[in-house]
Amino acid sequence: MSVSVSYLPRVWMGSQISTRLLPSKIRPLSAHIKLTENCQARCISCDYWKTRWPESINTERAIHLVNECSGSGIRSLRLTGGEPLLRKDMFQVLKQAKTSSFKNIIIQTNGLLLKKLHKEVNESPITKVAVSVDGLEKTNDLIRGINGYFGLALEGIRLLRGKEVALSVTLNKISAQELGRLKEVANDVGAKIETNILSRSLFFLKDADMASMWPEGADAAEIERFVRDELKRPGYEVEYIRRYYNHEAMAEPPCVLGFLQVFVLSSGDVLTGCYPLKPVGNIMKDSLETILASEAYYIQSLAMLRRECPGCTCGVESSLAMKHAASSAVFELSQLITGQSGRKREEAMGVAPAENPSRP
Ligand SMILES: C[S@@+](CC[C@H](N)C(=O)[O-])C[C@H]1O[C@@H](n2cnc3c(N)ncnc32)[C@H](O)[C@@H]1O
Ligand code: SF4
Ligand code: SF4
């Protein structure tokens, strides 16, 4: 099933003008799947590694879930966690599921297993590898809690062929003054930089050490300069980041994530593209299609537009782009939702692509 071309314009009209103009059915463009929430890193900004999480979705259900995603018109699959590469059957799932209809299959990883598993990644239908690196070697290893993390992640990246690569950087105080040099490292390995806005309100961050990460004064100013001048992010996004880190009041945009993305946790719980709000179903009980079509899903997505929520920065770029959609933001939005950013790494570096990439 493909999603109608009027879907995004209707989400835009419905979120900005009148909810009567919203699409009658929810058809997310992107699915974020966590087959595991366990993790072997020890990041100071994240709590996942402190818990041993049960994994309810077995290989067979995972394959069926990916097929359900492709069948419901989802264009972009993001495999995240916890650490997704800890799931040993990840590549089997991708091999046996129907993945050809996805425009993007993104793996969001800490990169610690990339060197070991680069062949499997290269031979898989994964189109993009997003590796979390928060600073230069010393700083990154401090933030991520593992000596040798930076070196290992970059070694893994250098072995990738035929994939788009990004460094996912959580904007923070400890590495604020290194961002320019980190961009040079990214250029050197053919990766682009993507950023996370430091969040305090997600369920997996309750005990994380936010105080040591929160940028102020010159560090907040450097982050603003970096996203504006080096990443060339839209002005409204730069303004949001500036106000957010400086604790300034701001008008939050209607949150459109309920209409754009769906999350599946390792318990099978389904979230309406929002971590702080309650699950609206579980794929161990119902099909994804049934949950997406449920009243509970729609009602919660409407409440998200009205910002009846604790608030978070996760995916706020999409809601900002919707709000500013009269400008170049429709383009920004489609890129944000599908996680696409154009050229593959080898093209950017002038290196020949792998001989037999699973995807051109
Ligand atoms: C929770 S991790 C899961 C995937 C994988 N383990 C990784 O680190 O890439 C997803 C993303 O959230 C980022 N992150 C960690 N702590 C965060 C925080 N407090 N606020 C915003 N993003 C955060 C990570 O750096 C990573 O890019
Ligand atoms: S950010 Fe990723 S790597 Fe770090 S503890 Fe959380 S899940 Fe693990
Ligand atoms: S802004 Fe609110 S509704 Fe949107 S994802 Fe965050 S908590 Fe959920």
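**Strand order, buried elements and ligand shells in a predicted model**

Leaving aside neighbours within four places in sequence, Asp269 is in contact with Pro279 and Asn282. This residue lies in strand β8, which covers residues 269-271, and the structure in which these contacts are found is a predicted model. The C-alpha atoms of Asp269 and Gly281 are 5.9 Å apart in space, although the two residues are separated by 12 places in sequence. With 18 other C-beta atoms within 10 Å, Asp269 is classed as partly exposed, given that the buried class requires 20 or more such atoms.

The confidence of the prediction is described by a mean pLDDT of 90 for the chain, with 88% of the residues reaching 70 or more. Over residues 345-360, however, the pLDDT is below 50, and this stretch has 28 contacts in the model beyond near neighbours in sequence. The chain has 360 residues, of which 45% are buried, and its secondary structure comes to 15 helices and 9 strands. Of the contacts in the chain between residues at least 6 apart in sequence, 75% join residues that are at least 24 apart.

The sheet is open and consists of 9 strands, which follow the order β6-β5-β4-β3-β2-β1-β7-β8-β9 with mixed pairing. The edges are occupied by β6 (192-197) and β9 (281-282), each of which has a single partner strand, so that one side of each is left without a neighbour in the sheet. Strands of a sheet pair through backbone hydrogen bonds, in either the parallel or the antiparallel sense.

Within this order, strand β1 (residues 30-34) is joined to β2 by 5 bridges, and the two strands run parallel. His32 stands opposite Arg78 of β2 in this pairing, and the chain passes from β1 through helix α2 (residues 59-71) to β2 in a β-α-β crossover that is right-handed. Strand β2 itself spans residues 76-80, and 4 of its 5 residues are buried, so the strand is largely enclosed by the rest of the structure. The pairing of β2 with β3 is likewise described as parallel, with 4 bridges between the two strands, and here Leu79 stands opposite Ile107 of β3. The connection from β2 to β3 runs through helix α3 (residues 90-96), and this β-α-β crossover is right-handed.

Strand β3 (residues 104-109) also pairs in the parallel sense with strand β4 (residues 128-132), over 4 bridges, and the bridge partner of Ile106 in β4 is Lys128. Towards the edge formed by β6, strand β5 (residues 164-171) and β6 pair in the parallel sense over 6 bridges, with Lys192 of β6 as the bridge partner of Ala166. Between these two strands the chain crosses through helix α7 (residues 179-188), and the β-α-β crossover is again assigned as right-handed.

Among the helices, α13 (residues 316-323) has 7 of its 8 residues buried, so it is largely enclosed by the rest of the structure. The buried residues of this helix are Val316, Glu317, Ser318, Ser319, Leu320, Ala321 and Met322.

Three ligand shells were examined. The shell around ligand 1 comprises 19 residues, the closest of which are Ser45, Cys46, Ser132, Asn196 and Ser199, and the elements that give two or more residues to this shell are β3 and β5. By class, the shell around ligand 1 has 7 nonpolar, 11 polar and 1 charged residues.

Ligand 2 is surrounded by Cys39, Ala41, Cys43, Cys46, Tyr48, Trp49, Gly81, Gly82, Glu83, Asn110 and Ser132, and these residues divide into 6 nonpolar, 4 polar and 1 charged. Cys46 and Ser132 therefore belong to this shell and are also listed among the closest residues to ligand 1, given that a residue is assigned to a shell when its C-beta atom lies within 6 Å of the molecule.

The residues around ligand 3 are Cys255, Leu257, Cys274, Pro276, Leu277, Met304, Cys309, Pro310, Gly311, Cys312 and Cys314. The class composition of the shell around ligand 3 is 10 nonpolar and 1 polar, with no charged residues.

Note on methods: Residues are numbered from 1 along each chain as its sequence is written. Chains are lettered from A and ligands numbered from 1 in the order in which they are written. This is a predicted model: local features need pLDDT of at least 70, side-chain atom pairs count only at pLDDT 80 or more; totals for chains, interfaces and linings use all residues. pLDDT is the predictor's confidence in each residue, from 0 to 100. Two residues are in contact if their C-beta atoms, placed from the backbone, lie within 7 Å. Ala, Val, Leu, Ile, Met, Phe, Trp, Tyr, Cys and Pro count as nonpolar, Asp, Glu, Lys and Arg as charged, and the others, Gly among them, as polar. A residue is buried if 20 or more other C-beta atoms lie within 10 Å of its own, exposed if 12 or fewer, and partly exposed in between; C-beta atoms are placed from the backbone. Two strands pair if DSSP finds at least two bridges between them. A crossover is right-handed if, with the strands pointing away from the viewer, the path from the first strand over the helix to the second runs clockwise.
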